[in-house]
Amino acid sequence: MADKALNKAAARLDDKTWGHRWGFADTRFVVNPDRSVKVTGQRYAVSGYDMPGFIPFVEEMLGVQIDLNDIKPERADKPVPEPNLNAGFMADLAAAFPAARHTTDRRERLLHSHGQTTADEVYQVLYNHLDRVVDLVVYPESQDDVVRLIELAADHNVCLVPYGGGTSVSCALKLPDSDPRMIVSVDMRRMDAIEWVDRENFRACVQAGITGKVLEEKLAELGFTCGHEPDSVELSTLGGWIATNASGMKKNRYGNIEDIVEQVTLVTPQGVVENLDAMPRVSMGIEPQQVAFGSEGNLGIITRAVIRIHQLPEVTRYGSLVFRDFKTGTDFLFDLSRSGALPASIRLVDNVQFRFGQALKGRATSGDKLMSRIQKTVLTDVKGFDPHELVAATIVMEGAAAEVAHQEAEIKRLARKHGGISGGAHNGQRGYMLTYAIAYIRDFLTDYHIIGETYETTVPWSRISEVCDAVAARAAEMHKSFGLPGRAYVSPRITQVYHTGVCIYFTHGFSAKGADAPDRIFAEIEHAMRETIMAHGGSISHHHGIGKLRRDFLPQTLTPASVELLRDIKAATDPQNVFGVANNVFAPEPAGQ
């Protein structure tokens with residue numbers, strides 16, 4: 001019997017977001033008078049205490065001295081042009097929708113005109129200007145609203161851009177400045193209800209505008225979890241996950257988004273695309289609803305999905321391991337991937353990120369100092385680890401008690417085989433939870449002329465070292481060629497494990513102090529990094545998607561016939577190009593091609 005859980009997630013003051021920057025308004029990194037750093041608020045495990053090692057670590061890694069009095073000024077008078085309003089569309093919209101469901105407010109329009117891509121979006125809105133701003137923001141509250149809105153857009157030749165959490169890092173929300181039409185952002189976050197829960201068959205029908213944070217809170221009240229936890233889970237939405245073909249940190253247990261979703265509803269200008277029944281699996285030939293996955297706003301609006309849910313785990317246990325070096329840690333992951341005992345999440349960070357984790361700790365007490373000396377003695381003197389080579393793995397195990405016990409025993413066995421040493425449950429939990437707070441560091445450092453981003457890719461097991469070495473070398477080469485101060489920060493971590501390979505996340509940053517157009521320099525280097533990744537065996541993306549940022553690399557990913565097939569689907573479902581955000585293969589060809 002399905003339970004009705006018609007629970008609209010109320011907006012809460014404590015979840016007010018920063019706006020153009022990443023995250024929540026109550027959370028940011030601030031500098032104390034003694035050059036220590038603190039995270040405001042109480043939202044995260046790193047909040048509320050002083051970190052004396054943070055600034056010295058950043059200075060050491062980048063090879064620069066940070067002048068904390070030299071703050072890059074954010075543009076206060078952010079330009080927002082007058083809206084380009086289609087009079088016929090606006091008249092019909094006013095007749096069909098209450099005034100509270102749409103706005104031309106300047107701030108709302110600007111907020112809905114970009115994602116979180118560093119150089120091309122965030123840097124532009126904070127310090128320069130956006131080339132194009134949406135003309136109107138609409139907030140549908142039902143599928144009928146979405147259908148009617150698309151009809152009006154088609155009638156009046158208006159462009160619609162779906163908007164979820166605004167967390168895209170692929171320029172997917174960057175607006176095409178060559179489109180002369182009125183552009184409307186369709187903010188889906190009022191469609192955030194769990195429509196029903198089928199307890200017997202472990203599935204739920206969920207509206208696409210719900211954020212991961214609210215989804216998990218509402219399911220937990222009913223004794224369930226979805227289990228999809230991307231780094232952006234607090235802000236990103238179910239519809240956004242599907243539109244980017246997302247992956248979560250606990251994919252080993254719960255699957256990637258394509259494994260979680262059984263049925264998806266995509267509303268297009270030609271009608272609704274969906275399977276009529278949600279099934280565990282079905283062989284029906286080509287399955288039309290699959291076009292929603294990775295669609296990136298090009299085909300229509302995702303309004304809801306039937307997802308697989310799980311009972312809340314009986315046991316959740318954390319762990320951490322320290323290995324001699326990155327190669328040893330990778331060998332451990334390879335063996336673990338074949339053991340049948342993969343935990344919900346296991347991530348391997350390199351030495352740089354391991355030391356960064358230490359820099360994010362608070363002031364050491366006498367007991368902390370004693371324990372640190374003991375740990376250092378064990379690692380360096382007894383185990384013979386080089387403190388500048390050792391790496392760490394963080395582990396999350398979830399499920400039945402017996403299942404978790406089996407995973408824990410197998411992980412310990414394989415760790416011993418590879419000379420690993422336990423770092424304890426506390427460090428494992430802390431390392432996992434740090435993911436959410438670390439995202440705020442980018443915006444903090446940008447204030448001090450340091451620009452950075454993360455790149456992710458999928459790599460076969462046999463080419464992990466090759467890709468990591470090539471990226472580090474190319475970053476150093478590009479850094480030197482642009483005459484940038486200090487040195488580049490490049491650090492890989494393995495975040496997901498598969499049978500045939502892994503997902504590698506690279507964190508890359510540098511000081512751009514004194515450089516002309518640092519955003520353009522960063523964009524050029526970022527392009528070179530992806531070029532290097534793919535030249536050495538990596539993929540175009542693991543889960544961030546293509547958007548406009550990686551469009552240049554599609555010829556290395558898809559055959560011409562594949563591209564034409566996708567464009568034919570677009571022409572069939574959206575012949576007027578109502579959804580003209582122009583991501584992926586649907587971006588217009590550059591002039592001269």
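Here a trainee and a mentor talk through a predicted model of one protein chain.

Trainee: What makes the protein chain agree with a compact globule?

Mentor: Start with its 593 residues: a compact globule with that many would have a radius of gyration near 25 Å. The protein chain has 24 Å, so the two agree. If you want a feel for the outline, the C-alpha atoms fill a box of roughly 75 × 60 × 50 Å along the principal axes.

Trainee: What is the chain built from, in helices and strands?

Mentor: There are 18 helices and 22 strands. Buried residues make up 55% of the 593 residues. As for contacts with a separation of 6 or more, 77% of them come from residues 24 or more positions apart.

Trainee: Why is Arg530 called buried?

Mentor: Buried means under 20% relative accessible area. Arg530 comes in at 4%, so it counts as buried. You'll find Arg530 in helix H17, which covers residues 518-535.

Trainee: How do you know that the side chain of Arg530 makes a polar contact with the backbone oxygen of Ser539?

Mentor: Check the distance: a polar contact needs a pair of N or O atoms within 3.5 Å. The side chain of Arg530 reaches that backbone oxygen of Ser539 at 3.2 Å, so the pair is inside the cut-off. Setting aside neighbours within four places in sequence, Arg530 also touches other residues, including Tyr455, Glu456, Arg550 and Phe553.

Trainee: And Val122, is that one buried or exposed?

Mentor: Buried, because its relative accessible area is 4% and the limit is under 20%. Val122 sits in helix H4, residues 118-127. Beyond neighbours within four places in sequence, its contacts include His20, Arg442 and Asp443.

Trainee: What makes Asn245 partly exposed?

Mentor: Its relative accessibility is 30%, and partly exposed runs between the 20% and 50% limits, so the label fits. Asn245 belongs to the loop between helix H7 (238-244) and helix H8 (251-254).

Trainee: Why point out the phi of Asn245?

Mentor: Most residues other than glycine have a negative phi. Asn245 has a positive value, near 60°, and is not a glycine. Asn584 likewise has a positive phi near 60°.

Trainee: Where is Asn584, and why is it called buried?

Mentor: Asn584 is in the segment after helix H18 (560-573). Its relative accessible area is 12%, which is under 20%, so Asn584 counts as buried.

Notes:
Residues are numbered from 1 along each chain as its sequence is written. This is a predicted model: local features need pLDDT of at least 70, side-chain atom pairs count only at pLDDT 80 or more; totals for chains, interfaces and linings use all residues. Side-chain values use heavy atoms; hydrogens and water are left out. Helices (H or I, at least four residues) and strands (E, at least two) are DSSP runs, numbered from the N terminus. The radius of gyration is taken over C-alpha atoms; the globule rule is 2.2 Å times the number of residues to the power 0.38. Buried means under 20% relative accessible area, exposed over 50%, partly exposed in between (1.4 Å probe, protein chains only). Contact means heavy atoms within 4.5 Å. A polar contact is a pair of N or O atoms within 3.5 Å; within protein, one must be able to donate a hydrogen and the other to accept it, and residues adjacent in sequence count only if both atoms are side-chain atoms.
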